[in-house]
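Got the viewer open and a selection box ready? Let's walk through this one stop by stop, beginning with the ligand.

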Amino acid sequence: MAPHTQDSTVYLTEQEAKRIRSTAIERTKKCSELGGHGREPRDEKGAISQATGASLMADMGDMTMTQAERNALPALIVGQPYTPCLASLHELQPMKMADLKIEKHHRGHQLTVKRVSPVVTLSTRSWTMVQDEAGETERLEIALHKTKHGKDVLESASAFAIKDPYFTLTEEGEPTLRIDHPSDLIANPTTKPDAQTSPSDADSAATEKKATALKTKGNNALTANNLPLAHAHYTSALALSPSETLTQDLHRNRAHVNLLLSQYPAALADALASLIPSPSDPRSTELNSKAYFRAATAAYSLADFTNARAHFAKQLELMPADKGAAANLARTDARLREAETGAYDFARIKKGVAAGRLRVDAASFDGPTEVKKSPGMGNGLFATRAVKAGEVVMVEKAVCVVWGFEPEAITAVTFDVRDERIRVAPVGLTKALVEKLGKNPVEIKRVMGLYGDWDGAEGKEVWETEDGPVVDVFRVHDIVSRNAFGVGDKDGRGAGSAGLWVRAAYINHSCIPNTKREFVGDLMVIRATKDIAAGEEIVHSYDESGDYETRQKALMTTWGFECGCALCVAEKGDDPAVREKRRKLVEEADAFVQTQGGKSLAVTKAKRLVKKIEETYDEKRYKGLPRLATRGLQEWLAQATAGR
Ligand SMILES: C[S@@+](CC[C@H](N)C(=O)[O-])C[C@H]1O[C@@H](n2cnc3c(N)ncnc32)[C@H](O)[C@@H]1O
């Protein structure tokens, strides 16, 4: 991830880095030594009291922590990817805990367990003790993706089915069942009712009564704001296949709950399934207008403004006096205009951002761009027509963004076992994105199309099973690492804010860019900084450091490539002594910029410094290339002399 400012720079002590590295290496070694060994049975009482004690300690932990401990970043070991289970639960063979083998993915199997201890909630994982039907007890851990709808998944239920159980070791070397992919754990698994039986009249009446009772329970749960429970009741009622009217009511209610849970495709499908087909039905006007409103809101949230418009228009047709529907239609038209023409009311958007509405109400504009192969760089974004300097090339709303001030903004130190590098990663963004994709499977394919080091299940593109969406968290982690951007902490966003913009992620880096990225809330605006010819690749700078070594190091560590642009070639050819002299002058220049106001004496000194830095560049080799090291001073000079 490219930091927007220096705010995500984290300095690890040599000792901390060593500890993280050796923990990871030790664990990998132990896993391979014990790999394939059978599981040692646990003492039930001891296991439960271990979890109870740890849970108490974790709860008290925050109170007893020192400031340094509180500020310390959590450490995560990454880089041992495996695919999530791609089968539905009913296709998997039941297994017992007694048959678990260490460091093994028990593919094709499922393990049914119940929770028998409190849950230990830590910043990047949570764990508990579970028991299978034979009464065997084992530790169950969820790494990072431990919450759903704001609740700890392990705490949200007492019974679970684990798909393709993975039995491994914790970082401390303790055996554990481990869940990395949220879709590998099913809370409160249910057996589906047999759809083949044709009910008698008496059965139908009983079914209707049962479904009505479940609907009431769902409504009560909704009133109590227990959305997952309301959803579960409506779903159970629908599974009974009650009368047409009741089915429509249940879909309409569940559409509302799905909207509140941000499950937009499901909300859209439910809203449309709730429509009463006959206009002569006296309830149809009011209820269908409600259904169209829900369908339109879901489509709008999915940025499907064409469908949103159609549904708001239907709502207005049924209720012509509804001012809200008219306003929503106008709002949707504004989004369609933005997407079509790129004409944004930035003053309105900036006003909203200043008032704290950082996730802005705006559409994305692809502009005159197309994704194409870029030799040596994978894919890239190209101009489909000539673009003038200063023109907006494209605008994109983030598929997911986490602001630094939000509790979700977890930054962690990761140790990647593939290249043994330590990085600082926006794991909060990965977590939020996995949760968002889990609710909106239509987005999964678009995000998974991005470049990452791990491309998952050998080309098998399974995004959904009968149990719900499947999101490969390792792919998301790698995609975030190579495609997310830091946003900086302006507008009260908080340090460590980061997001993912899917189309803009196709833009490659150049140290001599032709565009610049700006952020307005969660909108990324790509503006041309020079004229761009039709067919030319659009490039921006992932790292703007003027110093060659600093820039190359950042590009290699974060993005995994060595830049071969003309400027880097020229800088690489510099005598190291000249580079060092330039670096020292830049330090002097930075200190100068920090301490000076716009005084005229300072302007003379700044100009002298610019000249000195320019002298470190070889005229011939740098012909036509920018002198990045002078940039800070040039910007200062431009401000200091503005209006003179
Ligand atoms: C944000 S993605 C850019 C789009 C990417 N090329 C793709 O195929 O989707 C960043 C990745 O693109 C590649 N990349 C970007 N700029 C590059 C450059 N100047 N030279 C070599 N590789 C580059 C690197 O693999 C980097 O990790």
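Before you colour anything by class, here is the scheme: Ala, Val, Leu, Ile, Met, Phe, Trp, Tyr, Cys and Pro count as nonpolar, Asp, Glu, Lys and Arg as charged, and the others, Gly among them, as polar. With that colouring on, the shell around the ligand shows eight nonpolar, eight polar and one charged residues. Keep in mind that you are looking at a predicted model.

**Stop 1: the ligand**

Select the ligand and bring up its surroundings: 17 residues surround it. Label G378, N379, Y451, N508 and H509, which are the closest. Which elements each supply at least two residues of this shell? Pick out β15 (379–383), α15 (473–483) and β24 (508–509).

**Stop 2: from the shell to β27**

Stay with two of those shell elements and add strand β27, residues 537–540. β15 pairs with β27 in the antiparallel sense, over two bridges. To see a facing pair, show F382 and, opposite that residue in β27, E537. Now swing over to β24, which also has two bridges to β27, but in the parallel sense. Here the pair to display is H509, one of the residues closest to the ligand, which stands opposite H540 in β27.

**Stop 3: an antiparallel sheet**

Next, select 392–397, 515–520 and 523–528. You should have an open sheet of three strands in the order β16-β26-β25, with antiparallel pairing. β16 and β25 are the edge strands, each pairing on one side only. Look along the sheet for its twist, which averages 20° from one strand to the next. Then zoom in on β25 and β26, whose antiparallel pairing runs over six bridges. A handy landmark there is E518, with V525 as its bridge partner in β26.

**Stop 4: a mixed sheet**

Hide that and select 75–78, 421–425 and 412–416. This is another open sheet of three strands, ordered β1-β18-β19, and the pairing is mixed. The edges are β1 and β19, each with pairing on one side only. The strand-to-strand twist averages 30° here. β18 and β19 run antiparallel, joined by five bridges. Show F415 and you'll find I422 of β19 standing opposite.

**Stop 5: α7 against α8**

Time for helices. Two packed helices are described by the angle between their axes and the distance between the axes. Select 244–260 for α7 and 264–273 for α8: their axes come within 8 Å and cross at roughly 160°. Angles over 145 degrees count as roughly antiparallel, so α7 and α8 are roughly antiparallel to each other. Their crossing is left-handed. For the contact itself, show H251, R254, A255, N258 and L259 in α7 with A266, A267, D270, A271 and A273 in α8. By class, the residues of this contact divide into six nonpolar, two polar and two charged.

**Stop 6: α10 against α11**

Last pair: α10 is 305–318 and α11 is 323–341, with axes that come within 9 Å and cross at roughly 160°. That angle makes α10 roughly antiparallel to α11. Again the crossing is left-handed. On the α10 side, show F305, A308, R309, F312, A313, Q315 and L316. On the α11 side, the residues they meet include A325, L329, T332, D333, R335 and L336. What classes make up the contact of α10 with α11? Its residues divide into 10 nonpolar, three polar and three charged.

Technical notes
Residues numbered from 1 in each chain as written. Predicted model: local features only at pLDDT ≥ 70, side-chain atom pairs only at ≥ 80, totals over all residues. Near = placed C-beta within 6 Å. Helix = DSSP H or I, 4+ residues; strand = E, 2+ residues; numbered from the N terminus. Pairing = 2+ DSSP bridges. Axes fitted to C-alpha atoms, helices over the stretch in contact; angles between N-to-C directions. Parallel < 35°, antiparallel > 145°, perpendicular 65-115°, else oblique. Left-handed = near helix turned anticlockwise from the far one by under 90°. Contact = placed C-beta atoms within 7 Å.
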